[in-house]
Amino acid sequence: MGAALAWANAFPHHATPAHQLSAVYRRRGDLKGSLAVLQQALTHNPNDKNLLKGASKICALMEDFDSAIEYRLACAEAETPEERRESFVHIARFCVSLADAPGAKKALDDAFGLGEPPERHRLILAQIAYLQRDRAGGLALLDAEQAENGSSVMLEKIRAKLELISPQRASAPAIRLGSAATKELKAWAEANGVQTGDVRSRATRFITEAGDMLMERVPDSRALLVAFGGLSTMFGGTAEDMRFLVQNARINALFVSDPQRLFMLGGFASIGDYWASVAWIADLKQAWAIENIYCLGLSGGGYPALRYGLDTGARRILTFAAPTEITPTITQHDKRATALTNRVLSRCPGMCVNLRDEIAKHGASAPEIINYYGAGMPEDAYHARNIEGLPTVSSRAVKGLASHNVIAWLKQSGAFHDILQEFLRDRAGRADAPGGAPGQRALRASWP
């Protein structure tokens, strides 16, 4: 381990030492460490096919299939047609694991277009048929596979699933709910003794059965914090931030994750679609006599924090490395979440917009918006510049930071909790009080 670490540190621009060190971490069972090594090497070699393949494989082992797809898509751009065929087949398998039948079908079609023989992939096609509730089509594929290659354990498992579908049952794609942020929220709730409850109950502290919403009621507070988790974590994977907000801020809090992986544009899983969720927040505001709403979002959670904040009339919105545009052309500037972007564009096309236009519609009456990002991270800088110059927007670049994980930097600098205090500074006072509550100070617009 020591030799591998020394080798990697001595040659940070070389891919081979990173591969070796990553393999050491993996043999030790430390998949996060293994992935971190590859991600660090990719900052120096962003188009290295072997690094991208390795990162995709580790993400798949961690069951982070969305990231596995993104790395494979990035890899495919630098591959030969034959190599791309293999990448598209892997992407199809990852999509099946996410119960994303359209994504899996498209990936296979791309592979077939490059010459991949369809008969090699009858089992994947049968799994897609199961997700689409196509009983007859799936069984026909399995019969053809069995006639040519014989039976197998996997074939029989798929057959058993297909035979459970009633021939009279209308076709309806299966929906598999789950995300890393939802898992984190559930784990935090369990560790802190939060009981499972229902959004219609009068409980003051509960998490929904789906694990997508955690509520903290503070009866004497007239403010509500709505915190949106990212695509992979709630708060960069650190639960103590939630504890700080709940216990120290003494504010009504709603922590939301998106098990549908649609940037919350499909609405809260336990409530309904987007507009039903916005209406539910409005009803909650009235029921709890809320005067000010504060929206917070990390990474992929920044987009819904901005969108919901605008539509619920939030007092202030705080985001970290937030995407501000989801459009068909966004991949020209940001390829990091191609798979997820395609997913939300296909599922919620009417909700995918450039948020600059939405913020501009509100003019000077828009919520105050604060967005922190790494100045050296091109994709995050693009999204930040996209909304700069609007009357209520403050883009705060962290100079010298070339990472997406801006929260980690802000924590290390000791500024993070001050930022949260500034964000919630007037939660106990009047909404129109200049400068916020007494004793609170405004922070610098750019961190050195």
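These legends go with a set of close-up views of one predicted protein model.

**View 1. The whole protein combines 19 helices and nine strands.**
Before zooming in, take a moment with the overall picture. The chain has 448 residues, and 51% of them count as buried. Its accessible surface comes to about 20200 Å², and carbon and sulfur atoms make up 51% of that area. Among the contacts with a separation of 6 or more, 65% link residues that are 24 or more positions apart.

**View 2. Strand β5 spans residues 252–256.**
Is this strand enclosed or open to the outside? Five of its five residues are buried, so β5 is largely enclosed by the rest of the structure. In a regular strand, side chains alternate between the two faces of the sheet. You can follow both faces here: N252, L254 and V256 lie on one side of β5, while A253 and F255 lie on the other, and all of these residues are buried. Both faces of the strand are therefore covered.

**View 3. Strand β5 pairs with β3 and with β4.**
Look for the two partners one at a time. Strand β3, residues 213–216, pairs with β5 in the antiparallel sense over four bridges. One bridge to find is the one that joins M213 to V256 of β5. Strand β4, residues 223–228, pairs with β5 in the parallel sense, over five bridges. Here you can look for A227, whose bridge partner in β5 is F255.

**View 4. Helices α6 and α7 pack against each other.**
Two packed helices are described by the angle between their axes and the distance between the axes. Helix α6 covers residues 81–97 and helix α7 covers residues 101–113; their axes are 8 Å apart, at an angle of about 165°. How are the two helices oriented to each other? An angle over 145 degrees counts as roughly antiparallel, so that is the description for α6 and α7. Their crossing is left-handed. On the α6 side, the residues that meet α7 include R85, F88, V89 and I91, along with A92, C95 and V96. On the α7 side, they meet G103, A104, A107, L108, D110 and A111.

**View 5. Helices α13 and α14 meet at an angle of about 60°.**
The axes of α13 and α14 (residues 302–311) are 10 Å apart. The angle makes α13 oblique to α14. This crossing is right-handed. Which residues of α13 meet R307, Y308 and D311 of α14? They are Y274, W275, S277, V278 and I281.

**View 6. R133 and F263 each have a positive phi.**
Most residues other than glycine have a negative phi, which makes this pair worth a visit. R133 has a phi near 60°, and F263 has a phi of about 55°. Where does each one sit? R133 lies in the loop between α8 (122–131) and α9 (135–149), whereas F263 lies in the loop between β5 and α13 (274–287). Buried means under 20% relative accessible area. R133, at 13% relative accessibility, therefore counts as buried. F263, at 5% relative accessibility, counts as buried too.

Note on methods: Residues are numbered from 1 along each chain as its sequence is written. This is a predicted model: local features need pLDDT of at least 70, side-chain atom pairs count only at pLDDT 80 or more; totals for chains, interfaces and linings use all residues. Side-chain values use heavy atoms; hydrogens and water are left out. Buried means under 20% relative accessible area, exposed over 50%, partly exposed in between (1.4 Å probe, protein chains only). Contact means heavy atoms within 4.5 Å. Accessible areas come from the Shrake-Rupley method with a 1.4 Å probe; for residues, only the protein chains shown count as cover. Two strands pair if DSSP finds at least two bridges between them. Axes are lines fitted to C-alpha atoms, for helices over the stretch in contact, and angles run from 0 to 180 degrees between N-to-C directions. Angles under 35 degrees count as roughly parallel, over 145 as roughly antiparallel, 65 to 115 as roughly perpendicular and the rest as oblique. A crossing is left-handed if the near helix is turned anticlockwise from the far one by less than a right angle, and right-handed if clockwise.
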